[in-house]
Amino acid sequence: MAFNVETNFGQQKVFGRKLHHFPIFRYKKGANVISCVAIGPTQVPQLPWKLIFNEKERPLLSNEKIGIYGGKFVPETLISSLTKLDYEFNSALHDPQFQMELEVALRDYVGRETPLHFAQRLTDYYKSINKGIGPDIYLKREDLNHGGAHKINNAIAQAMLAKRIGFKNVVVSTGAGQHGVSTAAACAKLSLECTIFMGSLDMERQPSNVLLMKNLGAKVHPFSTSWPRSFKDAMSEGIRYWVNNLDKTYFLVGATIGPHPCPTMVRNFQSIIGKETRRQAMEKWGGKPHVLVACVGSGSNALGLFHEFIQDEHVRLIGVEAGGIGLDSDQHSATMARGQVGVYHGAMSYLLQDEEGQIIVPHSIGVGLEYPGVSPELSFLKDKRRIEFSIVTDEEALEAYKRLCRLEGIIPSLEASHAIAFLDKLCYTLKDGEKVIINLSGHGEKDAAFVFNHTPNHE
């Protein structure tokens, strides 16, 4: 028996219950339209719920791969939950009521829109060391959001989605703690229980964020083994907790990683950064920026800025990775520079791994950049050479942190300081007056003690 199948790639004919190379599709049988998902190359189990579409409606399931990257490399028990999440996410995107409520929350609670600040003294500094020639430097002030980072853009949106679906419990994995703080705040606002997993090493390095999470009512679970654990391990623990509590827990991912639709959701909710930037650039100088720069750990703040401009081929997009103490040391988080394609935490992307496929432990002075993988979408855009990638070392990031403090009176996170530091390599290559925008993704109060203690003579 044959069915006509409507996929993201057009109509195909499927015989019986066989399916070839279509990851997400829906088929007609009588008057019903039933959503299905492929586990393997041929087996197509029927999901326990039905999605009934009007013929003119946009399908409420999204592509799970971009090129070879992304996907759902997860146990079969998770497939239906992830597909339902994809449906609920896309339903919310097309719901005017949800969008209106999110717009109000972003404006009145998060504090958007964030300023596009002209860094006059930073601009003058780079011109002064290049014979008076250099770009105009602007900072997209995501550090001014409620919670002190860009993470709240996604956290409040997903917390609202969790409540819309009917969940009362949210579980989170965090590295530097910015996502943990943002989600704890969003859950407090929406009367949701919040459980946070954070590595013992990260808790020692970011104690102020741990206190904030607890003050906001979250339950923070530290963990360690014979070696200190960090975000990659917190992510693993969060997934394990979620798998054991699928019926009552929403796993709120803060990075553009994990199985589909998690990376797509985070990128979508963070894309407000780039949308505002385009509008603000037009208001300030009547055109587009020449260069956009953002630090890259897993990719949420970078894609938040870049996504809006991907089709603008004359706008350079530059991601700055954590070079740690040097690429030859293996003490870095430079996934794009040294990684190979692999699968981790349910998705295919570039990944720091050894010859046997074992994960290489990442390192960075910016705790939030310590992750061995990266966004599937960034992986695809690297292959397409749409985004340039570079590295900045720990020492260069420290100097950039202090420079921005003293020239602009703005305290950047050590993660964002990597993007600031890249100006040393970028500015002398640009024409006078070209416009550079850096995503200042987070506030550096959490890093102040660390920077002070690693400054000779505390100068």
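**Exercise 1.** In this predicted model, decide whether R385 is buried or exposed.

*Solution.* Start with the relative accessible area of R385, which is 77%. Next, recall the cut-off: a residue counts as exposed when this value is over 50%. R385 is therefore exposed.

**Exercise 2.** Stay with R385: where is this residue found, and what is notable about its phi angle?

*Solution.* Look for the elements on either side. R385 sits in the loop that runs between α13 (376–383) and β17 (387–393). Now turn to the backbone: phi of R385 is near 60 degrees, a positive value, and the residue is not a glycine.

**Exercise 3.** Work out where S191 is found, what its phi is, and whether it is buried or exposed.

*Solution.* First, the location: the loop between α5 (178–190) and β10 (193–199) holds S191. Second, the backbone: S191 is not a glycine, yet its phi is positive, at about 60 degrees. Third, the surface: S191 has a relative accessible area of 65%. With exposed set at over 50%, S191 is exposed.

**Exercise 4.** Which kind of peptide bond joins H260 and P261, and in which loop is P261 found?

*Solution.* Begin with omega, which is about 15 degrees for this bond; the bond between H260 and P261 is cis. Then place the residue: P261 belongs to the loop between β12 (249–251) and α9 (262–270).

**Exercise 5.** Now try the bond that joins R112 and E113: what is its omega, and where does E113 lie?

*Solution.* Omega is about 10 degrees, and this peptide bond is cis. As for its position, E113 lies in the loop between α2 (96–110) and β7 (116–118).

How values were computed. Residues are numbered from 1 along each chain as its sequence is written. This is a predicted model: local features need pLDDT of at least 70, side-chain atom pairs count only at pLDDT 80 or more; totals for chains, interfaces and linings use all residues. Side-chain values use heavy atoms; hydrogens and water are left out. Helices (H or I, at least four residues) and strands (E, at least two) are DSSP runs, numbered from the N terminus. Buried means under 20% relative accessible area, exposed over 50%, partly exposed in between (1.4 Å probe, protein chains only).
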